[in-house]
Amino acid sequence: MKEDKENTRPKEKKVELKCEDGEKTEKSKEKKEAMTKIVIRRLPPSLSKEELEEQLQPLPEVDYMEFFSNDTSLYPHLFARAYISFKNEDDIVLFRDRFDGYVFIDNRGQEYPAIVEFAPFQKIAKKRSKKKDSKCGTITEGKDFLLWVSSPFF
């Protein structure tokens, strides 16, 4: 029975490297990067970014920090969360030891034990530039538009 090319799974590419000892080793082509981005979950819904930064002090050097307030569409799980990317990998363990299970208290006195874990998506979001489109509002100046307006059918 002939296999369809669409249903076949591509094989993992391997690269053979020779060590100084003459010994061959196999390594996958993909390079693994260190995980430096963590997420703090189950934060109080009324918590603001400023209040969180105040409670996390002293915070080690970070590349990126993003705070997301509670989402009312996820009722009854109305929690805030924060993503932090550290510059130094060793700071992650210290941060986790300090804040995993740390109890945050909201303005009504309700307790929220936080969960610290590696973020499932390790990339950092890029800031989008708010450039104005240079063509915006210029349709009345285009030669095709002027030709159309001057046509006898208009």
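These legends accompany close-up views of salt bridges in a predicted model.

**View 1. Salt bridges across the whole structure.** Welcome to the overview: searching the whole structure turns up 4 salt bridges. Side chains of opposite charge can pair when their charged atoms come close. Three of the pairs get a view of their own below, namely E61 with K87, R96 with D97, and R108 with D106.

**View 2. E61 and K87 join distant parts of the chain.** Here the two side chains meet in a salt bridge, with 3.3 Å from N to O. E61 lies in the loop between α1 (49–55) and β4 (62–68), while K87 sits in the loop between β5 (80–86) and α2 (90–99). The partners are 26 residues apart. E61 has a relative accessible area of 54% and is therefore exposed, the cut-off being over 50%. K87, at 48%, is partly exposed.

**View 3. R96 pairs with D97 in a salt bridge.** Take a look at the closest N and O atoms of this pair, which are 2.8 Å apart. The relative accessibility of R96 is 38%, so R96 counts as partly exposed.

**View 4. R108 and D106 form a salt bridge between an exposed residue and a buried one.** In this pair, the closest N and O atoms are 4.0 Å apart. Which partner is buried and which is exposed? R108 counts as exposed, with 69% relative accessibility. D106 has just 8% relative accessibility and so counts as buried, a class that requires a value under 20%.

Terms used
Residues numbered from 1 in each chain as written. Predicted model: local features only at pLDDT ≥ 70, side-chain atom pairs only at ≥ 80, totals over all residues. Heavy atoms only, no water. Helix = DSSP H or I, 4+ residues; strand = E, 2+ residues; numbered from the N terminus. Buried < 20%, exposed > 50% of the residue type's maximum accessible area, 1.4 Å probe, protein only.
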